[in-house]
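Hi,

Here's the structure I said I'd pass on. Have a look at it first, and my notes on what turned up follow underneath.

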Amino acid sequence: MKSVIAENLVKTYRKGEVIALNDLSLDVEEGTVLGVLGPNGAGKTTTVRILATLLKPDSGHATVAGIDVLKNPDKVRELIGLSGQYAAVDETLTGWDNLVMFGRLYHLGRQPSIDRANELLERFELTEAARRPIKTYSGGMRRRLDLAASLIVKPKILFLDEPTTGLDPRGRQDMWLTIQELVKGGVTLLLTTQYLEEADQLADEIAVIDRGTVIARGTSDALKMQVGGERLEITVDNADVAAAQEIVARISGNATHLELRTISAPVSTGSIALMDTLRALDVAKIHPLDIGLKRPSLDDVFLSLTGHVAEETVVEPIKKKRGGKK
Amino acid sequence: MKYAISDVLTITKRQLLQLARVPEILVFSTIQPVMFVLLFRYVFGGSIESDQPGGYVQLLMPGIFVQTVAFTLASTAIGLAEDMKKGLIDRFRSLPISRGAVIIGRTFGDALLNILVLVVMALAGFAVGWRPTSGIVQTTLAFLFLFMFGYALSWIGILVGLSVKEARTVQSVGFLVTFPLTFLSNAFAPTTGMPRALQYFAEWNPVSTMVAACRQLFGLENKFGATANSWPSQYPLETSLFYMVLLMVIFIPLSIRKYKNFSS
């Protein structure tokens, strides 16, 4: 069963001047994670806002858990959790204050709201900071609290809009673990991201969007296959280039590409190819200056799918600042 | 819908909690009016002639009270604009709560803050020699008027906050609206000294009628503002009441509609 369905969504701003969504359709199978991957301005946030009942599309329709988002938004709101790009919490209040308040707004009752707040604070390792104003939290803590706020009623369907944008690597890792835990619990998740690696880590299926429409979709592996998968990249001293090139060609079984002293080739066996190469280099007494597996980036995906690099595609007229994409 | 009241109260409680967590909010809301009291009482007050028994401060304090509650317009608008900017309003809108609860709750919260501010202002006034002479009932009624006036203006603030979005712009807009309204009035100086056109404006200005109403309720003869025999200066209580009801009848539905429909 499909938990989330969006069909032919169109959304324009400023009387059609700016097209945010251009006939976008996607769906999420119950209990799975869909990663919506795209650059800034591709329409990720607009899609999430429409599905979460915050925005009305110009045309098209959408259902969440079988309920029409446009006809029955109140019903949808009872079932979903939403966590946006910015931590949408009251910063002057403490973490505990916020969670209790949201519990009350979900009509949990006083004591259950308090219990749930304590439970979530513990689960997200915020118990120590519970009584401090959110202003004093780090970026990662804010995001965790924001996520906790969207989990108060244990929603079956969760929308996370760029949950790790702006976090440091450590914060991102923590957030990924948290999200993976959630997914194990059986929620259906629609997640937007700018990072291929993030979609790779978290999503069962990826929809790549560009200029307001889905340009490719499939599993992470399928997508990478399309892009060309991983590449082995190795940099050596000038004297060793020829020998190293031969080794790389032999192990990868593919044609190599040489740029200055850096040799690269597509590999299908990932880290095994890397280890084999290292061993072979060692035997040949070649010491690489740099060696690694290069995963295709969002740019690579875009380059191969669209022929252009990922860029902000909503062109904002400079004169007017307000009312654009939100 | 059965949760409508509890939703509103939860939002209101949030503002009281803010006050508890950041008591400076109350200090900042009162520091400017207290400065005005001192400024007009001791700097300008000496040169403003009045034959008012008890001195200029008796005429001044009602003006300051009205000016203070008039700034509710700006503070409501700024608070709402900040919530929108931080995405908090989006989160509220994604919750299964009754539609008007977020803005109604905010007007309640701002109204409660106004009570605290008015108490502080009354104490400040008392300290510099202000003494209402009309008795407890009339004095209480005056404060009730002030409270209601602030509440009515709060709803304009909601509409401004929802329309302008950027907190800094809201601040300027709020100032642009409240500044002329409070100064082109009888709050600090008699309207007799103004050019004819301004005088008409000043006398029909809701701030003037409110100030006149409060002066009357505090037991003053309202000579200060009532120059022409214009209707609002003759019946300040009735006119003020009319204005307050009018503002609420217009701006409550407008604001709620705007909130329901707004999509950015």
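Strand β1 (residues 2-13) of chain A pairs with β2(A) in the antiparallel sense, over nine bridges; two strands count as paired if DSSP finds at least two bridges between them. One of the partners across that pairing is A:L26 in β2(A), which bridges to A:A6. Strands and helices here are DSSP runs numbered from the N terminus: E over at least two residues for a strand, H or I over at least four for a helix.

Before I go on: this is a predicted model, so local features need pLDDT of at least 70 and side-chain atom pairs count only at pLDDT 80 or more, while totals for chains, interfaces and linings use all residues. Residues are numbered from 1 along each chain as its sequence is written, and chains are lettered from A and ligands numbered from 1 in the order in which they are written.

Back to the sheet. It is open, with four strands in the order β2-β1-β4-β5 (chain A) and antiparallel pairing. β2 (18-29) and β5 (67-68) of chain A are its edge strands, each pairing on one side only. Helix α1 (residues 44-51) of chain A packs on this sheet and touches β1, β2 and β4 (59-64) of chain A.

Next, β3 (residues 33-37) of chain A, where five of five residues are buried, meaning 20 or more other C-beta atoms within 10 Å of a residue's own (12 or fewer is exposed, in between is partly exposed; C-beta atoms are placed from the backbone). A:V33, A:G35 and A:L37 cover one side and A:L34 and A:V36 the other. β3(A) pairs in the parallel sense with β8 (residues 188-193) of chain A over five bridges, and also in the parallel sense with β9 (residues 205-210) of chain A over four bridges. A:L37 has A:T193 in β8(A) as its bridge partner, and A:V36 has A:A207 in β9(A).

As for chain B, 25 residues of chain A are in contact with 20 residues of chain B, contact being C-beta atoms, placed from the backbone, within 7 Å. On chain A's side, α2 (73-79) and α3 (95-105) each supply at least two residues, and α3(A) gives the largest share, four residues. That side divides into 12 nonpolar, five polar and eight charged residues (nonpolar is Ala, Val, Leu, Ile, Met, Phe, Trp, Tyr, Cys and Pro; charged is Asp, Glu, Lys and Arg; the others, Gly among them, are polar).

Cheers

Note on methods
Contact = placed C-beta atoms within 7 Å. Axes fitted to C-alpha atoms, helices over the stretch in contact; angles between N-to-C directions.
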